[in-house]
2 protein chains.
Amino acid sequence: MAPHKAPDSSRRSDRSRRAIYDAALALVGEAGYRRTTIEGIAARAGVGKQTIYRWWPSKAAVLMEAFLDLATRAAEEAGPQAGGAEYGIPDTGDLAADLKLVLRATVDELNDPLMEAPTRALTAEGIVDAKLGAEFVEKLLDPQLALYVTRLRAAQEAGQLRPDADPRIALELLIAPLTHRWLLRTLPLTHAYADTIVDYALGGLAPRP
Amino acid sequence: MAPHKAPDSSRRSDRSRRAIYDAALALVGEAGYRRTTIEGIAARAGVGKQTIYRWWPSKAAVLMEAFLDLATRAAEEAGPQAGGAEYGIPDTGDLAADLKLVLRATVDELNDPLMEAPTRALTAEGIVDAKLGAEFVEKLLDPQLALYVTRLRAAQEAGQLRPDADPRIALELLIAPLTHRWLLRTLPLTHAYADTIVDYALGGLAPRP
């Protein structure tokens, strides 16, 4: 954005951005999406609201970037084996093992208190606000789903996925049950559950001969 | 509640209840859960707010009953074949056909404009409010899930479901993908999608020998 800035100023800008992300996520988790304002984020981050308006056009834009940043950090911490967004889902040749690894990491992310409140707030708002929901899906969810499509296509080429299966639909059998449990809090979301979903989805519910 | 009421008064009371349900669902769909009030429901239904307080202790209680009533009416309209809550999921001996029938009916319900806005509003609020969410699951969702458990157990006894499958988890492979598409609006929710989910879940994503 400001290519000729001195390194000092650029570091200060990075610190401000991180403070703004943290403030935005904390506020939305505490107060909900609608009661979160640019003014409130600025006050909490200790910056002027013009600083925020200089970088982002709207509250939704700040929050999307804050979530992207959070997801990137979580993926970096989890490391390449857990299938962070930058790395894709691992391909060891064992589809079931690779899916269990990545779905267990998803369980950990969803159960992480730092992620939970802001993710719930944004998801809930996207459910009633179709425009925000579409942005959420396009910017945050679809890039993750694309990783599953890539891994499932590779499995199909390796003969580990039914040749007639549509990977874009197949992935929904894997991730939707986790999302459903987490969003609706029907039953505990555990690693054992993630493993069972992979076993049922790959093996099928009908008896195998 | 008032066993010796004359029929006329009882019919009037039924009409008031229906008017209150309709007002509650319309309001929550338009304004969201938090901005819906007992006063607002009373004004819209054309009754005094004491009438509402006489029958229900809280806004949440009115809305839960309004949803139960809506679901019952939808099930009655769909008839026994579509697996209304009073009838259970049909058991023709063909598990795939029975599941497709009931999941197609679920697709129709979720896509019904009358259901959509209020259901989204209540679900969104349950996602951020754990207490309301638990009530929603206990009173509205769990009774529906129990119908799947019953049908899947019968299938297990008939040798159409893996003997080692837990029906309470198996049902999540069937219903969660539909809920996921509907809540997050990722892709269109159609009968063809419901059929594909049943095929993938029963047959499994791994190739069959």
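Begin by selecting helix α5 (residues 95–111) of chain A together with helix α7 (residues 130–157) of chain A in this predicted model, and display the side chains where the two meet. From α5(A) the contact takes A:Leu95, A:Asp98, A:Leu99, A:Val102, A:Leu103 and A:Thr106, and these face A:Tyr148, A:Arg151, A:Leu152 and A:Ala155 in α7(A). Sorted by class, the residues of this contact are seven nonpolar, one polar and two charged. If you then look along the axes, you will find them 11 Å apart and packed at an angle of about 165 degrees; because angles over 145 degrees count as roughly antiparallel, α5(A) and α7(A) are described as roughly antiparallel to each other. Their crossing is left-handed.

Keep α5(A) selected and add helix α8 (residues 167–184) of chain A, whose axis comes within 11 Å of that of α5(A) and crosses it at roughly 20 degrees. That angle makes α5(A) roughly parallel to α8(A), and the crossing here is right-handed. On the α5(A) side, the residues to display are A:Leu99, A:Leu103, A:Thr106, A:Val107, A:Leu110 and A:Asn111, while α8(A) contributes A:Leu174, A:Ile175, A:Leu178 and A:Trp182. This contact has eight nonpolar and two polar residues, with no charged ones. A:Leu99, A:Leu103 and A:Thr106 deserve a second look, since they appear in the contact with α8(A) and also in the contact with α7(A).

Next, select A:Arg73 and A:Asp22, which form a salt bridge in which the closest N and O atoms are 3.6 Å apart. The pair links distant parts of the chain, with A:Arg73 lying in helix α4 (residues 59–78) of chain A and A:Asp22 in helix α1 (residues 7–31) of chain A, 51 residues apart. Over all chains, a search of the whole structure finds 32 salt bridges.

Now bring both chains into view and turn to the interface. How many residues does each chain give to the contact? Chain A supplies 52 residues and chain B supplies 52 residues. The area buried between the two chains is about 4600 Å², and carbon and sulfur atoms give 65% of that area. To see where chain A's share is concentrated, select A:Ile127, A:Arg162 and A:Leu205, which supply 17% of the area that chain A buries against chain B, more than any other three residues. Two salt bridges are found across this interface; to display a salt bridge between the chains, select A:Arg181 and B:Glu172, whose closest N and O atoms are 2.8 Å apart.

Finish in chain B, with helix α6 (residues 113–128) and helix α7 (residues 130–157) selected, where the axes are 5 Å apart and the packing angle is about 125 degrees. The two helices are therefore oblique to each other, and α6(B) and α7(B) make a left-handed crossing. The residues to show are B:Leu122, B:Thr123, B:Glu125, B:Gly126 and B:Val128 in α6(B), which meet B:Ala130, B:Leu132, B:Gly133, B:Phe136 and B:Leu140 in α7(B). Colouring this contact by class separates its residues into six nonpolar, three polar and one charged.

Definitions and conventions. Residues numbered from 1 in each chain as written. Chains lettered and ligands numbered in written order. Predicted model: local features only at pLDDT ≥ 70, side-chain atom pairs only at ≥ 80, totals over all residues. Heavy atoms only, no water. Axes fitted to C-alpha atoms, helices over the stretch in contact; angles between N-to-C directions. Helix = DSSP H or I, 4+ residues; strand = E, 2+ residues; numbered from the N terminus. Parallel < 35°, antiparallel > 145°, perpendicular 65-115°, else oblique. Left-handed = near helix turned anticlockwise from the far one by under 90°. Contact = heavy atoms within 4.5 Å. Nonpolar A, V, L, I, M, F, W, Y, C, P; charged D, E, K, R; others polar. Buried area = accessible area lost by both parts, 1.4 Å probe. Salt bridge = Lys/Arg side-chain N within 4 Å of Asp/Glu carboxyl O.
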